[in-house]
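Here are my notes on the model you sent, set out as numbered points. Please read them with the sequence and the structure open beside you.

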Amino acid sequence: MEKQHDVVIVGGGLVGSSLAIALEASGLDVALLEATPAGELPPVFDERNLSFAETTCQALAGLGIWPHLRSASPIRRIHTTRQGDFGRVLMRADEYGREAFGHVVTASDFGQALEARIETIGNLTRYRLARFVGTTFAENGWRQVAMTLDGEPRHLQTRLLVGADGMQSAVREALGIDVQQHDYQQVLFVCRVRTSRPPDGTAWERLGAHGPTALLPRLDRHYGLVHGVAADKADEVAALDEAAWLDRLQTAFGWRAGRFLAAGKRSRYPMRRVVAERQIAARAVLLGNAAQSIHPLGAQGFNLGLRDALTLVEEISRHGLDAPQMLEHYLTRRRQDRERTLSFSDGLAKISANPSLGASLLRSIGMTVLANVPGLRGQVAAGGMGYRGDLPELCRGVLQ
Ligand SMILES: Cc1cc2nc3c(=O)[nH]c(=O)nc-3n(C[C@H](O)[C@H](O)[C@H](O)COP(=O)(O)OP(=O)(O)OC[C@H]3O[C@@H](n4cnc5c(N)ncnc54)[C@H](O)[C@@H]3O)c2cc1C
């Protein structure tokens, strides 16, 4: 007899782990499959710095994850400029009656916090080192899930299969769902940097011809740096020694944070947008990066994926797992947030990297308008804080 679970989540990354935690209160029997061995954090919990929107912070508090975080550093101001264009935009959280727009957390710290919280869950079975292989239907109409567990083939049955297995989703492929892709021809370098002016709660974003250079405030007197480079220059940049790397950053960013003094280990990420053409199939749903992987400029990927996960939990509790319309309701509720967030991130990535004079003028005018029209700034700020579309209650600070 194959083992049965109400919900099988494939992928114990940021979104899959959050979903497993959010399902605790439902009392459902949940399984979490992860391709990383027990005792290790999945590689996605690396040194990248994650900006969590206000709605995300509220939800993480409601889910009991927040108290486990050690590194949450508030973003009180966001300062944006572009090399070669006039105009700047400074947004202050206190203008909107808030102490912070959101918080910066290192992915490794977030992984440990999720792990600490998951250990307290009773109704969760974890399969590690488990690799999802494929899915068909069982005779009872449930999904059958094929996986390897420690290299041995195993099967499970489930009423709902959730693909939270990231950009290269094997679940998406097994469901026969196509993707639309775009290569931004850009590589993002990420590392920790120390400058002569320590962080004061300002997140700095400097847009350059080949992408952004951003400094995110951290609690350890360092900044989390993101630096975009044209793809064909990435190897050259990766080979720079520390002094040349710091020089490059100084030129790209300028002096607003003082002199660049030291940098930690560099990681690099090729930038691609991968968007699934459908997010649901019979008894199956894609969440997070499996559904949409977006450019990190704008810092929306996990924020959006968490809203996917929490909306799914609400729709399960409203309609039950077996109601055929449950996933349709989920889709309807997610449409507006997904469309707006995708076009926001994509637009930002493309416009920031377009060096033409026309684009430069438009951007400069856009910056000036944004800097001076409070209603428009308010809309941008609200979107950045995660207030888009039909929000799940936990994101609004309503406890379960
Ligand atoms: C440089 C950078 C900066 C970013 N900054 C931000 C930010 O500031 N704010 C923000 O909101 N987002 C940010 N993001 C985006 C964020 O990292 C992603 O949105 C997030 O990781 C998506 O989570 P996920 O769980 O959907 O996928 P992932 O985190 O990729 O997790 C997928 C999991 O599935 C597992 N898996 C894969 N295949 C299988 C299989 N066959 N079987 C079993 N398990 C499998 C993997 O091991 C992994 O653990 C950033 C991304 C990058 C690259």
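1. The structure is a predicted model, in which local features need pLDDT of at least 70 and side-chain atom pairs count only at pLDDT 80 or more, while totals for chains, interfaces and linings use all residues. Residues are numbered from 1 along each chain as its sequence is written. Helices (H or I, at least four residues) and strands (E, at least two) are DSSP runs, numbered from the N terminus.

2. The helix α1 (14–22) is a good place to begin. Of its 9 residues 9 are buried, so α1 is largely enclosed by the rest of the structure; a residue is called buried if 20 or more other C-beta atoms lie within 10 Å of its own, exposed if 12 or fewer, and partly exposed in between, with C-beta atoms placed from the backbone. The buried residues are Leu 14, Val 15, Gly 16, Ser 17, Ser 18, Leu 19, Ala 20, Ile 21 and Ala 22, and they pack against β1 (3–10), β2, α3, β8, β11 and α7.

3. How do the axes of α1 and α7 cross? They come within 9 Å and cross at roughly 30°, where axes are lines fitted to C-alpha atoms, for helices over the stretch in contact, and angles run from 0 to 180 degrees between N-to-C directions. The two helices are therefore roughly parallel to each other, since angles under 35 degrees count as roughly parallel, over 145 as roughly antiparallel, 65 to 115 as roughly perpendicular and the rest as oblique. The crossing is right-handed, a term used if the near helix is turned clockwise from the far one by less than a right angle, with left-handed used if the turn is anticlockwise. On the α1 side the contact involves Leu 14, Val 15, Ser 18, Leu 19 and Ala 22, and on the α7 side Phe 302, Gly 305, Leu 306, Asp 308, Ala 309, Leu 310 and Val 313; residues are in contact if their C-beta atoms, placed from the backbone, lie within 7 Å. By class, this contact has 9 nonpolar, 2 polar and 1 charged residues, where Ala, Val, Leu, Ile, Met, Phe, Trp, Tyr, Cys and Pro count as nonpolar, Asp, Glu, Lys and Arg as charged, and the others, Gly among them, as polar.

4. The helix α3 (residues 107–118) also meets α1, the axes coming within 10 Å and crossing at roughly 25°, which makes α1 roughly parallel to α3. This crossing is left-handed. Leu 14, Ser 17, Ser 18, Ala 20 and Ile 21 in α1 meet Phe 110, Leu 114, Arg 117 and Ile 118 in α3, and the contact divides into 6 nonpolar, 2 polar and 1 charged residues.

5. The ligand is surrounded by 36 residues, the closest being Gly 11, Gly 13, Gly 166, Gly 288 and Gly 301; a residue belongs here if its C-beta atom, placed from the backbone, lies within 6 Å of the molecule. Elements that give two or more residues to this shell are α1, β2 (30–34), β3 (49–53), β9, β12 (179–195) and α7 (301–319), and α7 gives the most, with 4 residues. The shell contains 19 nonpolar, 13 polar and 4 charged residues.

6. Some backbone details deserve a check. Most residues other than glycine have a negative phi, and most peptide bonds are trans. A cis peptide bond, with omega of about -10°, joins Arg 128 and Leu 129, and Leu 129 lies in the loop between β8 (124–128) and β9 (130–137). Asp 150, in the loop between β10 (143–149) and β11 (152–163), has a positive phi near 50° and is exposed, with 12 other C-beta atoms within 10 Å. Arg 283, in the loop between β18 (280–281) and β19 (284–286), has a positive phi of about 55° and counts as partly exposed, with 19 C-beta neighbours inside 10 Å.

7. Glu 205, in strand β13 (residues 202–208), is a charged residue that is nonetheless buried, with 22 other C-beta atoms within 10 Å. Its C-alpha atom is separated by 7.5 Å from that of Ile 78, 127 residues apart along the chain. Not counting residues up to four places away in sequence, Glu 205 touches Ile 78, His 79, Thr 80, Pro 212 and Ala 214.

Methods: Two residues are in contact if their C-beta atoms, placed from the backbone, lie within 7 Å.
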